[in-house]
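Please look over the sequence and the model below before reading on.

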Amino acid sequence: VKFGMFDLKEKDGSGKYVMVVANCNDDIGRNLTVTGEYVWKSAHGYLPGNLFGEMYFYFAVAICYLVLLLWYVIKFQIYRDAAIPIFKWFIATIFIGFFEAFFKCGDLWVWNVDGVRFWFSLYTGVLFGVCKRAISRVLVVMLCLGWGVTCDTLGGKFKTLVMLGLVYAGVSAARDVMTIISITENEILTHNEEEEILDVVSILTFVTAFIDVTFYLWIFDALNQTMQYLESMNQSRKLKRYLRLRLFLLLSVLFAVLWSVFGIVDSYNSQRMVNEEENGWVLTAVWEVNYFVVLMGLSCLWAPEAGAKEYAYVMELSTLGNDLEFDTNIDSPDDGSDEEEESSFSIIVHE
């Protein structure tokens, strides 16, 4: 220590450092009170070295979300007359994902430049992340229920689904915020207060996991029922879309399982491939990449296009030599209307 500054110039000086202040004569010595500030700063700034790569990662993720958002919004504007409500849910999901990555990158950037975390960016990024997870689960259930493909409305299931998403968002937000408080305010909280917060976090984690399981069961049950319906009605074009949806979801689940197993096995290795003290942010980054790839794939499957508004009423009829397509714009039988409606029909024969 020289003039209050510890300067490390060795080439291999990277690593984790801890500052310890000790009173070696605590039996008969005098009580000491240490006041002042301590500052840790690396060559790149105030950001801890194991988080520096995470800042650039979220910057790249924000750019990817922005490109996907612009592409989807442009297609939405082109086919605005044929737009269906599910397209707006996609736009909202991509929009929230972009702002989550934007604020998380901004939080790390401000921390790196100023040496302190800007609480607004920190908690805003966390809340946008919670909203992204909630709305994405709701969106996938909507797709698996066939909204916009086999039906034009979800009926009473819509309110139930939205309520479940709101409960998930509330519980998950409380868990994440309390976890951050237990970490960032550890110098203020007493040991008992910290233990109480962690106990509540454990309970909220269990509740969040229960709601997650409910969503996953609903997703695969609805997907299975929709695919069985399309198969029984010989709707090969619509069935092909849901086969691709199932492929995306299964690949995502398979990747999540393999990555979890890799993390468990790697944690027992003497020389870890992913060292949490050096590049622990990679563990979170992989989940973000997995989520974005699935969202991009679903956005391509449900991209705005001409005729999307009437797609739920299109019935594909099979013939011996040709594929016959029956198109009608009459209201769905679920509407419960007894009044006579005007209808138009078109028959398209594909040679």
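The paragraphs below take up a helix, a core and a surface patch.

The model is predicted, so local features need pLDDT of at least 70 and side-chain atom pairs count only at pLDDT 80 or more, while totals for chains, interfaces and linings use all residues. Residues are numbered from 1 along each chain as its sequence is written, and side-chain values use heavy atoms, without hydrogens and water.

Helices here are DSSP runs of H or I, at least four residues, numbered from the N terminus. Helix α1 has 27 residues, which at 1.5 Å a residue should span 39 Å (1.5 Å times one less than the number of residues); its end C-alpha atoms lie 40 Å apart, in agreement. Its buried residues (under 20% relative accessible area, 1.4 Å probe, protein chains only) include Phe 57, Tyr 58, Val 61, Tyr 65 and Tyr 72. α2, α3 and α8 are among what covers the buried residues of α1.

The largest nonpolar core holds 64 residues; such a core is a set of buried Ala, Val, Leu, Ile, Met, Phe, Trp, Tyr and Cys residues joined through side-chain atoms within 4.5 Å. Ile 86, Phe 90, Leu 245 and Trp 302 touch the most other members. Elements giving two or more residues to this core include α1 (52-78), α4 (156-184) and α6 (236-267). Leaving out residues up to four places away in sequence, Leu 245 has contacts (heavy atoms within 4.5 Å) with Leu 143, Cys 144, Leu 223, Leu 298, Leu 301 and Trp 302.

Helix α6 also contains Val 257, which is partly exposed (between 20% and 50%) at a relative accessible area of 46%.
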